[in-house]
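Thanks for making the time this morning. I would like to walk through a sheet and two pockets, with the criteria stated as we go.

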Amino acid sequence: MRIVVLAGGIGGARFLLGVRAYAREVGAEVTAVVNVGDDLWLHGLKICPDLDSVMYTLGGGADPERGWGRVGESWTVKEELAAYGAEPTWFGLGDKDIATHLVRSTMINGGYPLSAVTEALATRWQPGVRLLPATDDRLETHAVVEDEQGQRAIHFQEWWVRYRANIATHRFVFVGAETAKPAPGVLEAIGSADLVLVAPSNPVVSIAPVLAVPGLRAAVADSPAPVVGVSPIIGGAPVRGMADRCLAVLGVECSAAGVGRLYGGRPDGGLLDGWLVAEEDAGAVVPGVTVRAVPLRMTDEAATAAMVRAAVELT
Ligand code: FO1
(Lines give C-alpha, C1' and ligand atoms only; values in the text may rest on other atoms or scores of the structure.)
Protein backbone atom coordinates (compact mmCIF):
# COMPACT_ATOMS: atom_id res chain seq x y z
CA MET A 1 0.00 0.00 0.00
CA ARG A 2 1.27 3.48 -0.90
CA ILE A 3 0.08 6.46 1.12
CA VAL A 4 0.67 10.08 0.12
CA VAL A 5 0.14 12.80 2.71
CA LEU A 6 -0.18 16.51 1.92
CA ALA A 7 1.25 18.24 4.97
CA GLY A 8 2.58 21.40 6.52
CA GLY A 9 3.22 22.85 9.94
CA ILE A 10 3.30 21.12 13.28
CA GLY A 11 -0.13 19.53 12.76
CA GLY A 12 1.22 17.88 9.63
CA ALA A 13 4.36 16.69 11.38
CA ARG A 14 2.47 15.14 14.29
CA PHE A 15 -0.06 13.52 11.96
CA LEU A 16 2.81 11.91 10.05
CA LEU A 17 3.96 10.20 13.26
CA GLY A 18 0.62 8.37 13.25
CA VAL A 19 0.77 7.68 9.51
CA ARG A 20 4.23 6.15 9.94
CA ALA A 21 3.04 4.04 12.89
CA TYR A 22 0.06 2.79 10.86
CA ALA A 23 2.29 2.15 7.83
CA ARG A 24 4.71 0.08 9.93
CA GLU A 25 1.78 -2.06 11.13
CA VAL A 26 0.49 -2.84 7.65
CA GLY A 27 3.73 -2.60 5.65
CA ALA A 28 2.83 0.54 3.69
CA GLU A 29 5.13 3.13 2.10
CA VAL A 30 4.55 6.79 2.94
CA THR A 31 5.40 9.89 0.92
CA ALA A 32 4.87 13.31 2.49
CA VAL A 33 4.41 16.24 0.11
CA VAL A 34 5.35 19.21 2.27
CA ASN A 35 4.55 22.92 2.11
CA VAL A 36 7.38 25.30 1.24
CA GLY A 37 5.35 28.53 1.40
CA ASP A 38 6.78 29.30 4.87
CA ASP A 39 10.37 29.10 3.60
CA LEU A 40 12.67 32.10 3.75
CA TRP A 41 16.26 33.24 3.30
CA LEU A 42 17.64 34.91 6.41
CA HIS A 43 21.23 35.82 7.35
CA GLY A 44 22.26 34.07 4.13
CA LEU A 45 20.53 30.85 5.23
CA LYS A 46 17.70 28.96 3.57
CA ILE A 47 15.16 28.04 6.23
CA CYS A 48 12.39 25.52 5.55
CA PRO A 49 10.22 25.47 8.69
CA ASP A 50 7.71 22.86 7.55
CA LEU A 51 10.23 20.41 6.06
CA ASP A 52 12.29 20.79 9.24
CA SER A 53 9.30 20.32 11.55
CA VAL A 54 8.49 17.06 9.78
CA MET A 55 12.12 15.92 9.66
CA TYR A 56 12.86 16.73 13.31
CA THR A 57 9.53 15.34 14.57
CA LEU A 58 9.86 12.04 12.70
CA GLY A 59 13.58 11.89 13.50
CA GLY A 60 13.00 12.34 17.25
CA GLY A 61 14.82 15.69 17.39
CA ALA A 62 11.93 18.19 17.64
CA ASP A 63 11.22 20.32 20.68
CA PRO A 64 7.89 18.96 21.96
CA GLU A 65 6.95 22.16 23.81
CA ARG A 66 7.65 24.75 21.11
CA GLY A 67 6.65 22.39 18.32
CA TRP A 68 9.26 23.86 15.98
CA GLY A 69 13.04 23.67 16.08
CA ARG A 70 15.31 21.30 18.01
CA VAL A 71 14.99 19.87 21.47
CA GLY A 72 17.79 20.91 23.86
CA GLU A 73 18.41 24.02 21.77
CA SER A 74 20.76 26.88 22.71
CA TRP A 75 20.54 30.44 21.37
CA THR A 76 24.09 31.84 21.31
CA VAL A 77 24.00 32.85 17.63
CA LYS A 78 20.62 34.56 18.14
CA GLU A 79 22.07 36.58 21.04
CA GLU A 80 25.17 37.48 19.04
CA LEU A 81 23.06 38.63 16.07
CA ALA A 82 20.97 40.77 18.43
CA ALA A 83 24.19 42.31 19.83
CA TYR A 84 25.03 43.42 16.27
CA GLY A 85 21.52 44.86 15.91
CA ALA A 86 20.92 42.43 13.03
CA GLU A 87 17.29 42.33 11.94
CA PRO A 88 14.88 40.70 12.19
CA THR A 89 14.97 40.27 15.94
CA TRP A 90 11.46 38.75 15.95
CA PHE A 91 12.60 35.53 14.26
CA GLY A 92 15.00 33.37 16.24
CA LEU A 93 17.24 30.60 14.95
CA GLY A 94 18.61 28.09 17.45
CA ASP A 95 22.25 26.99 17.30
CA LYS A 96 21.53 23.34 16.48
CA ASP A 97 18.89 24.35 13.94
CA ILE A 98 21.42 26.64 12.24
CA ALA A 99 23.58 23.61 11.41
CA THR A 100 20.68 22.27 9.31
CA HIS A 101 20.31 25.62 7.52
CA LEU A 102 24.08 25.81 6.90
CA VAL A 103 24.16 22.37 5.26
CA ARG A 104 21.02 23.14 3.25
CA SER A 105 22.20 26.57 2.12
CA THR A 106 25.63 25.28 1.10
CA MET A 107 24.02 22.57 -1.03
CA ILE A 108 21.46 24.96 -2.57
CA ASN A 109 24.18 27.50 -3.36
CA GLY A 110 26.12 24.62 -4.92
CA GLY A 111 23.24 24.00 -7.31
CA TYR A 112 21.38 21.13 -5.68
CA PRO A 113 17.58 21.33 -5.82
CA LEU A 114 15.66 21.47 -2.54
CA SER A 115 14.33 17.92 -3.05
CA ALA A 116 17.88 16.53 -3.27
CA VAL A 117 18.97 18.59 -0.27
CA THR A 118 15.99 17.34 1.72
CA GLU A 119 16.88 13.75 0.88
CA ALA A 120 20.48 14.38 1.98
CA LEU A 121 19.38 15.94 5.30
CA ALA A 122 16.98 13.05 5.87
CA THR A 123 19.82 10.50 5.74
CA ARG A 124 20.76 11.78 9.19
CA TRP A 125 17.23 11.85 10.62
CA GLN A 126 15.87 8.66 9.03
CA PRO A 127 12.25 9.91 9.18
CA GLY A 128 10.90 6.59 7.87
CA VAL A 129 8.78 8.36 5.25
CA ARG A 130 9.84 9.88 1.95
CA LEU A 131 9.94 13.67 2.33
CA LEU A 132 9.28 15.71 -0.79
CA PRO A 133 8.97 19.49 -0.94
CA ALA A 134 5.87 20.40 -2.97
CA THR A 135 8.21 22.23 -5.36
CA ASP A 136 11.93 22.91 -5.81
CA ASP A 137 11.06 26.39 -7.07
CA ARG A 138 10.59 29.55 -5.08
CA LEU A 139 7.04 29.68 -3.74
CA GLU A 140 6.51 32.02 -0.78
CA THR A 141 3.32 32.81 1.06
CA HIS A 142 2.86 36.54 1.54
CA ALA A 143 0.04 38.33 3.35
CA VAL A 144 -1.38 41.55 1.95
CA VAL A 145 -1.86 43.65 5.08
CA GLU A 146 -2.93 47.17 5.91
CA ASP A 147 -2.02 49.41 8.82
CA GLU A 148 -0.87 53.01 9.39
CA GLN A 149 1.98 52.34 6.91
CA GLY A 150 -0.61 51.60 4.23
CA GLN A 151 -1.23 48.44 2.23
CA ARG A 152 1.71 46.14 1.60
CA ALA A 153 2.66 42.49 1.23
CA ILE A 154 4.73 40.90 3.97
CA HIS A 155 6.32 37.46 4.16
CA PHE A 156 4.23 34.82 5.90
CA GLN A 157 6.75 34.55 8.76
CA GLU A 158 6.46 38.27 9.49
CA TRP A 159 2.66 37.94 9.53
CA TRP A 160 2.74 34.80 11.71
CA VAL A 161 5.62 35.41 14.10
CA ARG A 162 5.98 39.21 14.27
CA TYR A 163 2.31 40.19 14.10
CA ARG A 164 0.85 36.89 15.39
CA ALA A 165 -1.75 37.32 12.62
CA ASN A 166 -2.96 40.36 14.51
CA ILE A 167 -3.03 42.87 11.65
CA ALA A 168 -5.74 43.72 9.12
CA THR A 169 -5.22 41.26 6.27
CA HIS A 170 -6.81 41.37 2.80
CA ARG A 171 -5.54 38.15 1.31
CA PHE A 172 -2.67 35.68 0.94
CA VAL A 173 -0.56 35.47 -2.19
CA PHE A 174 1.62 32.50 -3.14
CA VAL A 175 4.49 34.34 -4.80
CA GLY A 176 6.05 32.29 -7.59
CA ALA A 177 3.24 29.75 -7.69
CA GLU A 178 2.32 30.38 -11.35
CA THR A 179 5.70 29.23 -12.62
CA ALA A 180 6.52 26.63 -9.97
CA LYS A 181 6.76 22.99 -11.00
CA PRO A 182 6.02 20.03 -8.74
CA ALA A 183 9.26 18.63 -7.29
CA PRO A 184 10.52 15.42 -8.91
CA GLY A 185 8.47 12.47 -7.71
CA VAL A 186 5.47 14.44 -6.44
CA LEU A 187 3.07 13.81 -9.33
CA GLU A 188 4.28 10.23 -9.67
CA ALA A 189 3.69 9.58 -5.96
CA ILE A 190 0.17 11.00 -6.10
CA GLY A 191 -0.61 9.18 -9.36
CA SER A 192 0.46 5.80 -7.99
CA ALA A 193 -0.94 6.19 -4.45
CA ASP A 194 -3.50 3.83 -2.95
CA LEU A 195 -4.61 6.55 -0.55
CA VAL A 196 -4.10 10.32 -0.45
CA LEU A 197 -4.46 11.97 2.95
CA VAL A 198 -4.80 15.68 3.63
CA ALA A 199 -3.22 16.18 7.06
CA PRO A 200 -4.93 18.28 9.76
CA SER A 201 -2.67 21.17 8.78
CA ASN A 202 -3.69 24.79 8.33
CA PRO A 203 -5.82 24.69 5.14
CA VAL A 204 -5.04 28.30 4.19
CA VAL A 205 -1.29 28.65 4.71
CA SER A 206 -0.08 25.01 4.81
CA ILE A 207 -2.22 23.01 2.37
CA ALA A 208 -3.30 25.78 -0.07
CA PRO A 209 0.33 26.62 -1.04
CA VAL A 210 0.94 22.93 -1.79
CA LEU A 211 -2.15 22.82 -4.00
CA ALA A 212 -1.11 26.11 -5.65
CA VAL A 213 1.78 24.39 -7.43
CA PRO A 214 0.48 24.00 -10.99
CA GLY A 215 -0.59 20.42 -11.66
CA LEU A 216 -0.69 19.40 -8.02
CA ARG A 217 -4.35 20.13 -7.30
CA ALA A 218 -5.35 18.38 -10.52
CA ALA A 219 -3.19 15.37 -9.65
CA VAL A 220 -5.04 15.00 -6.33
CA ALA A 221 -8.47 15.71 -7.83
CA ASP A 222 -7.88 13.16 -10.62
CA SER A 223 -6.12 10.61 -8.43
CA PRO A 224 -7.45 7.08 -8.87
CA ALA A 225 -6.96 6.64 -5.12
CA PRO A 226 -9.42 7.82 -2.50
CA VAL A 227 -8.65 11.22 -0.98
CA VAL A 228 -9.43 11.62 2.72
CA GLY A 229 -8.88 14.79 4.72
CA VAL A 230 -8.61 15.23 8.47
CA SER A 231 -10.14 18.31 10.05
CA PRO A 232 -7.72 20.70 11.78
CA ILE A 233 -10.72 22.30 13.50
CA ILE A 234 -12.36 20.69 16.52
CA GLY A 235 -15.51 22.17 18.01
CA GLY A 236 -15.06 25.45 16.11
CA ALA A 237 -11.44 26.09 17.15
CA PRO A 238 -8.05 25.11 15.68
CA VAL A 239 -6.35 22.27 17.52
CA ARG A 240 -3.17 24.39 17.42
CA GLY A 241 -1.98 27.51 15.64
CA MET A 242 -3.99 30.30 14.07
CA ALA A 243 -6.14 28.63 11.41
CA ASP A 244 -9.12 30.63 12.74
CA ARG A 245 -7.42 33.91 11.75
CA CYS A 246 -6.36 32.49 8.40
CA LEU A 247 -9.87 31.22 7.61
CA ALA A 248 -11.31 34.62 8.59
CA VAL A 249 -9.16 36.26 5.89
CA LEU A 250 -10.88 34.02 3.33
CA GLY A 251 -14.30 34.55 4.90
CA VAL A 252 -14.57 30.81 5.62
CA GLU A 253 -16.36 29.66 8.76
CA CYS A 254 -13.98 28.23 11.37
CA SER A 255 -15.60 24.82 11.68
CA ALA A 256 -14.96 21.26 10.54
CA ALA A 257 -17.74 21.67 7.97
CA GLY A 258 -16.35 25.04 6.80
CA VAL A 259 -12.89 23.58 6.09
CA GLY A 260 -14.40 20.47 4.52
CA ARG A 261 -16.42 22.66 2.14
CA LEU A 262 -13.34 24.76 1.39
CA TYR A 263 -11.59 21.61 0.10
CA GLY A 264 -14.83 20.48 -1.51
CA GLY A 265 -16.08 17.09 -2.64
CA ARG A 266 -14.74 15.45 -5.78
CA PRO A 267 -18.18 15.23 -7.39
CA ASP A 268 -18.31 19.06 -7.26
CA GLY A 269 -14.80 19.62 -8.63
CA GLY A 270 -13.20 19.59 -5.15
CA LEU A 271 -10.63 17.25 -3.63
CA LEU A 272 -12.22 15.03 -1.05
CA ASP A 273 -13.97 11.69 -0.99
CA GLY A 274 -13.87 11.45 2.79
CA TRP A 275 -13.58 13.90 5.69
CA LEU A 276 -12.73 12.90 9.25
CA VAL A 277 -14.12 15.19 11.91
CA ALA A 278 -14.02 15.06 15.69
CA GLU A 279 -16.85 13.46 17.62
CA GLU A 280 -18.09 16.89 18.75
CA ASP A 281 -18.48 17.82 15.05
CA ALA A 282 -20.47 14.70 14.19
CA GLY A 283 -23.24 16.70 12.50
CA ALA A 284 -20.93 18.31 9.92
CA VAL A 285 -22.16 18.08 6.34
CA VAL A 286 -19.91 18.47 3.29
CA PRO A 287 -21.79 17.93 0.02
CA GLY A 288 -20.52 14.95 -1.96
CA VAL A 289 -18.17 13.83 0.83
CA THR A 290 -18.47 10.94 3.29
CA VAL A 291 -18.05 12.51 6.72
CA ARG A 292 -17.11 10.35 9.72
CA ALA A 293 -16.71 11.45 13.32
CA VAL A 294 -13.85 9.82 15.27
CA PRO A 295 -11.54 10.89 18.13
CA LEU A 296 -9.23 13.43 16.47
CA ARG A 297 -6.85 14.54 19.23
CA MET A 298 -3.28 13.56 18.34
CA THR A 299 -2.39 12.85 21.97
CA ASP A 300 0.12 10.12 21.08
CA GLU A 301 1.24 8.00 18.15
CA ALA A 302 -1.31 5.26 18.83
CA ALA A 303 -4.23 7.74 18.90
CA THR A 304 -2.97 9.31 15.68
CA ALA A 305 -2.48 5.91 14.01
CA ALA A 306 -6.11 5.14 14.93
CA MET A 307 -7.16 8.27 12.99
CA VAL A 308 -5.26 6.96 9.96
CA ARG A 309 -6.93 3.56 10.31
CA ALA A 310 -10.30 5.34 10.36
CA ALA A 311 -9.32 7.20 7.17
CA VAL A 312 -8.42 3.90 5.48
CA GLU A 313 -11.69 2.32 6.62
CA LEU A 314 -13.64 5.27 5.27
CA THR A 315 -12.52 4.52 1.70
N1 FO1 B 1 8.10 30.54 15.41
C2 FO1 B 1 8.01 31.56 16.29
O3 FO1 B 1 6.95 31.75 16.85
N4 FO1 B 1 9.10 32.36 16.55
C5 FO1 B 1 10.30 32.17 15.97
O6 FO1 B 1 11.23 32.91 16.23
C7 FO1 B 1 10.42 31.06 15.05
C8 FO1 B 1 11.62 30.77 14.44
C9 FO1 B 1 11.72 29.62 13.62
C10 FO1 B 1 12.94 29.26 13.07
C11 FO1 B 1 13.05 28.12 12.28
C12 FO1 B 1 11.91 27.35 12.05
O13 FO1 B 1 12.01 26.23 11.29
C14 FO1 B 1 10.68 27.70 12.57
C15 FO1 B 1 10.57 28.84 13.37
N16 FO1 B 1 9.35 29.20 13.93
C17 FO1 B 1 9.27 30.28 14.80
C18 FO1 B 1 8.13 28.44 13.62
C19 FO1 B 1 7.45 28.94 12.32
O20 FO1 B 1 7.33 30.31 12.29
C21 FO1 B 1 5.99 28.52 12.14
O22 FO1 B 1 5.47 27.84 13.22
C23 FO1 B 1 5.76 27.72 10.91
O24 FO1 B 1 6.31 28.32 9.77
C25 FO1 B 1 4.26 27.51 10.70
O26 FO1 B 1 4.15 26.24 10.25
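Let me begin with the second largest pocket, where the largest share of the lining, 4 residues, comes from H5. Before going further, please keep in mind that this is a predicted model, in which local features need pLDDT of at least 70 and side-chain atom pairs count only at pLDDT 80 or more, while totals for chains, interfaces and linings use all residues. Residues are numbered from 1 along each chain as its sequence is written, and side-chain values use heavy atoms, with hydrogens and water left out.

The elements that give two or more residues to this lining are helix H5 (114-125) and E5, where helices (H or I, at least four residues) and strands (E, at least two) are DSSP runs numbered from the N terminus. The second largest pocket holds about 210 Å³ of space, a volume being the space filled by probe spheres set on grid points that are joined across faces, edges and corners. A pocket here is an open set of points, on a 1 Å grid over the protein atoms alone, where a 1.4 Å probe fits, with protein on both sides within 12 Å along at least five of seven lines, and lining residues have an atom within 4 Å of a point. Among the residues lining the second largest pocket are Ser115, Glu119, Arg130 and Pro184.

The largest pocket has about 980 Å³ of space, and of its 47 lining residues the closest to the centre are Gly9, Ile10, Trp68, Trp160 and Arg240. Helices that each supply at least two residues to that lining include H1 (9-26), H4 (95-109) and H8 (203-211).

Turning to the sheet, how are its strands ordered? It is an open sheet of 7 strands in the order E5-E2-E1-E9-E10-E13-E14, with parallel pairing, and two strands pair if DSSP finds at least two bridges between them. The edge strands, each pairing on one side only, are E5 (130-133) and E14 (290-293). Neighbouring strands are turned by 20° against each other on average, direction ignored; axes are lines fitted to C-alpha atoms, for helices over the stretch in contact, and angles run from 0 to 180 degrees between N-to-C directions.

Within the sheet, strand E1 (residues 2-7) runs parallel to strand E9 (residues 195-198) and is joined to it by 4 bridges, with leucine 195 in E9 as the bridge partner of isoleucine 3. Helix H11 (residues 256-263) packs on the sheet, touching E9 and strand E13 (274-277), and its direction makes about 160° with that of E13, contact meaning heavy atoms within 4.5 Å.
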